[in-house]
Amino acid sequence: MATPCTGDRFLGTSAVISEGFAKQLTDLPAELLEHILCFHVLNHIDICNVSSTCKRLHDVCHGRGKVWAHQYKLRWPRLQRFYQQNESYDWLKEFKTRHVVGQQIRRTVESISKRFFTEVPCVGQVLGDSFAEIESLGAPEHFCEDELLGILNSDVRKCLTLKYYAKKILYFLRQQNILRNLKVFLERAPEQQSALEGAVLVDQYCNPLADITLESISAQIEEITDKVKKCLRVKNTAHPSLRTSQGDCFVLENLELQRQVICALNAVLYDQLQYKGNERDYYNPLNSYIHQVLLRRTGIPISLSVLYMTLARKLGVPLEPVNFPNHFLLRWCQNQRRSDDIYDYVYIDAFGKGKQLAAKECENLIRHQVGADYYSAISSSELLLRMVGNLLNIGKRGEGNEKSYQLLRDSLDLYLTINPDNVQYLLLQARLYFHLGIWPEKVLDILQHIQALDPTQHGAVGYLVQHTLEHIQHKRHPVELEVKKRSVPEHRDVLYSVGLIMKHKRSGYNCVIYGWDPKCTMSQEWINTMRVHQLSKGADQPFYNVLVQDGTCRYAAQENLEPHSAPPEIAHPEVGRYFTEFADTHYIANEELQAHYPEDMCKTHGTVEEHYHGLTPNSGQSPEPTANFQDHDLLDP
């Protein structure tokens, strides 16, 4: 119940306002009071205090009024696009809901590091319990995303651990939403599935943190269409395609008019805009992402074909996609009616600057003969399978690092959404998850599905089931991390500490220490392979786990490291797992890493203080014993 207006609580400040002045204020018209209460220095706490002073001000601050609408927009500007201008909303209710969701999300993110911290980076770690926790909140998706974006956009050098896990959760939530959209897309009739929309969904799923929308991609394609029309107008001012507007769907019946469009399209795309096939860096996954194709003006046959076909269809030329082996093509019918004869078509090589080929000339691209089936048109969903299959192969041939594993996981997710009963890829997905030690419960579901589809796989399935159950049992009884104290005698030779930014004397790379051992703990095979015996102290010296600027994780000998003379930030994706802040000269370990190395931060501060007051550490030249813990054999767990 509202209290009488005494003025002593007004605006939540310490100032005391006379009853007379307060009464004069409440005598003002409601519109003027709303204007005053929307002053930018007032926050939501002030408005709560104002509304509790008297009934008059309580009524002015009602939930659907301008005051709470202003507070909501001031606090969460990114959310305004979810509200219609002419609609009425209970802004106080929206404010409370968004505030509570924000608190719940932040609590969940803050708790993750304690539950999932490990010393050695787990490539592609999935925080399944936390994802389920956030989904179980039942909160509006855009509220969850806005809070996570707020965490990510805070001070770039601070709250690194919070940002690390917020990014993982945002990645997951966006991917789940994109998968839902892809399933809706696949449920449509084939003629209602746009190859461009499918390509955008693939792009979004593999790049969920990028700002990629069908609207923005379509707008860029519309700009290219306008350029083609301009070129077409020079040749034929009366061309029917010039009269079309965005969204029109039509087909030119006249083959000569179609030929004019193709000619103008080639002139704009390849001569004016300089699009080309990326022969030098063919296996770069960026070549498959439509937003990158438009940005970099290069791609591979299938991505350039999607762009070419979309432009041609917008201008009335009904090109069709052809799943030609090793080189995706488009086909263009030269008859008035659709034909089953492969010789009634011209085949267009979008990768080869729009070159037009007869049926048998296509075989020159791959240097062997193929049957007529390979010249047939395919659906948009089949096109997506080919596109995702390309990404999957790039992931499989990757270097075994975080990026290649993520690409492999993403492309497998997409492939199995489109074709959920592919036993070969289901088994690969199960092996991948098993190998990375993630989502063991999902591995069991996948294996059960494989067994139902193909009982002959019982050998591989049985092996994975047995070891996955062991992994689940291990998760229930986790081994506590060893506490390493510098003060114990066996650690007296350890010179450096976690958080120090180092330079490798021989290889020159920059890195940050996130762990150490008093002696080399790697296998004898690794010691021999890395020629550790060539070091002056061999394996009998401290070795350090370091995050390297190039994104790798290495194991380096003490004699090969020295404190960096001008410490840079280390742009490694796993920095936030171990450190909470970059403090200009070093990183500050988070609570979990400090619990593992309780005496190290004191040593780090001392080393920084000494080193940057002119003391120079010993230097030397030795072979580089480093290990990349991310080199694994995917298919042989």
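This is a short chat about two packed helices and a sheet in a predicted model.

Visitor: Hi! At what angle do helix 10 and helix 11 pack?
Guide: Helix 10, residues 195-206, packs against helix 11, residues 214-235, at about 125 degrees. Their axes are 10 Å apart.

Visitor: What does that make helix 10 relative to helix 11?
Guide: With that angle, helix 10 is oblique to helix 11.

Visitor: And is the crossing left-handed or right-handed?
Guide: Helix 10 and helix 11 cross in the right-handed sense.

Visitor: Which residues meet there?
Guide: From helix 10 you have Leu196, Glu197, Val200 and Gln204. They meet Leu214, Ile217, Ser218 and Ile221 of helix 11.

Visitor: How does that contact split by class?
Guide: Between helix 10 and helix 11, five residues are nonpolar, two are polar and one is charged.

Visitor: Let's switch to the sheet. What is the strand order?
Guide: The order is 3-4-5-6, in an open sheet of four strands with antiparallel pairing.

Visitor: Which ones are the edge strands?
Guide: Strand 3 (320-322) and strand 6 (355-357) are at the edges, and each of them pairs on one side only.

Visitor: How much are neighbouring strands turned against each other?
Guide: On average by 40 degrees, ignoring direction.

Visitor: Back to strand 3: how many bridges does it have with strand 4?
Guide: Strand 3 pairs with strand 4, residues 329-333, over three bridges, in the antiparallel sense.

Visitor: Nice. Which residue in strand 4 is the bridge partner of Pro321?
Guide: Look for Leu330 in strand 4; Pro321 has its bridge partner there.

How values were computed
Residues numbered from 1 in each chain as written. Predicted model: local features only at pLDDT ≥ 70, side-chain atom pairs only at ≥ 80, totals over all residues. Heavy atoms only, no water. Axes fitted to C-alpha atoms, helices over the stretch in contact; angles between N-to-C directions. Helix = DSSP H or I, 4+ residues; strand = E, 2+ residues; numbered from the N terminus. Parallel < 35°, antiparallel > 145°, perpendicular 65-115°, else oblique. Left-handed = near helix turned anticlockwise from the far one by under 90°. Contact = heavy atoms within 4.5 Å. Nonpolar A, V, L, I, M, F, W, Y, C, P; charged D, E, K, R; others polar. Pairing = 2+ DSSP bridges.
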